[in-house]
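Here are some notes to read alongside the sequence and the coordinates. They take up one helix and its surroundings, then a group of paired strands.

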Amino acid sequence: MLGSLLVPPAASLEILYEDNHCLAVNKPAGLLTMGDQTGDRTLLDLAKVYVARKYAKPGAVFLGVVHRLDRPVSGVVLFARTSKAAARLSEQFRARTIEKTYFALVEGLPRQASGRLIDQIAKDAGRNVSTVVDDDDVVADGRECVLDWRRVSQHGSFSLLEIHPLTGRSHQIRVQLAHAGWPIVGDAKYGARTPGQGMLALHSASLTFQHPTLKTPVTISADRPSAWSRWLKPRRV
């Protein structure tokens, strides 16, 4: 179970980037980005401990959450270290000017080498599940979601895909890939048959954003979890 995964100590966090305005961390699968009803310790908690210890900050540490990753997803998470940076980075996420790249290991073998998925997705907040709905379904709260995908390699009955979401919607990548017939390894919620053994094979590989004060582009990258090696075999397309 994801909840049974050990929470890493703050000292073991993989820091990808930091300056006076930003802090980026490689989030392990199974760790919440920020708090929810479970009360479990979060990446935000650990990052605040890291900042407090490194810079000997007395009192509360400010870190602004400008985006999130689902609990079972790994990869780049960007925090703001000042309120000004938080406002400017949040606006970039709202305006969808931030470039995001994910890797997903999925069940199935796409026939094409690349493509674009366009779906109407509705969120059931009570069940924490999203679904693809028809365009004429006026009852559902459907929003258009778009992602581009590229097949990187195939490994037996699995495919490694590079994903570029062009919109932002809860569980978007998970739902769209499952609807296309390629559920993500470990994602039983959306039909995957392969156990993830405590993780979802979806990884936020990079973010490119405009620095909130320098106004220059910054790209932050994180390597895929080494645990994926159990599924990845050297058979390239």
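1. Helix α1 is followed by A56, a residue whose phi is positive, near 50 degrees. Please keep in mind throughout that this is a predicted model, and that the angle comes from that model.

2. At the N-terminal end of α1 the cap is T42, which places a side-chain oxygen 3.3 Å from the backbone nitrogen of L44.

3. The length of α1 (residues 43-54) can be checked against expectation: at 1.5 Å a residue its 12 residues should span 16 Å, and because the C-alpha atoms at its ends are 16 Å apart, the two agree.

4. Which residues of α1 are buried? They are L43, L44, L46, A47, Y50 and V51, and, seen down the axis of the helix, the buried residues fall within an arc of 165 degrees, so they line one face of α1. An α-helix has 3.6 residues a turn, so residues three or four places apart point the same way. The partners against which the buried residues of α1 pack are the strands β1 (14-18), β2 (22-27), β3 (64-65) and β4 (74-80).

5. Turning to the later strands, β6 (residues 114-124) runs antiparallel to β8 (residues 143-155), and eight bridges join them; L117, for example, has L147 in β8 as its bridge partner.

6. Strand β6 is also joined to β7 (residues 129-133), again in antiparallel fashion, by five bridges, with T131 of β7 as the bridge partner of A122. These two strands, β6 and β7, form a hairpin with four residues between them, and in the turn N128 has a positive phi of about 55 degrees.

How values were computed: Residues are numbered from 1 along each chain as its sequence is written. This is a predicted model: local features need pLDDT of at least 70, side-chain atom pairs count only at pLDDT 80 or more; totals for chains, interfaces and linings use all residues. Side-chain values use heavy atoms; hydrogens and water are left out. Two strands pair if DSSP finds at least two bridges between them. The expected span of a helix is 1.5 Å times one less than its number of residues. Buried means under 20% relative accessible area, exposed over 50%, partly exposed in between (1.4 Å probe, protein chains only). The arc is that of the directions from the helix axis to the C-beta atoms. Contact means heavy atoms within 4.5 Å. A polar contact is a pair of N or O atoms within 3.5 Å; within protein, one must be able to donate a hydrogen and the other to accept it, and residues adjacent in sequence count only if both atoms are side-chain atoms.
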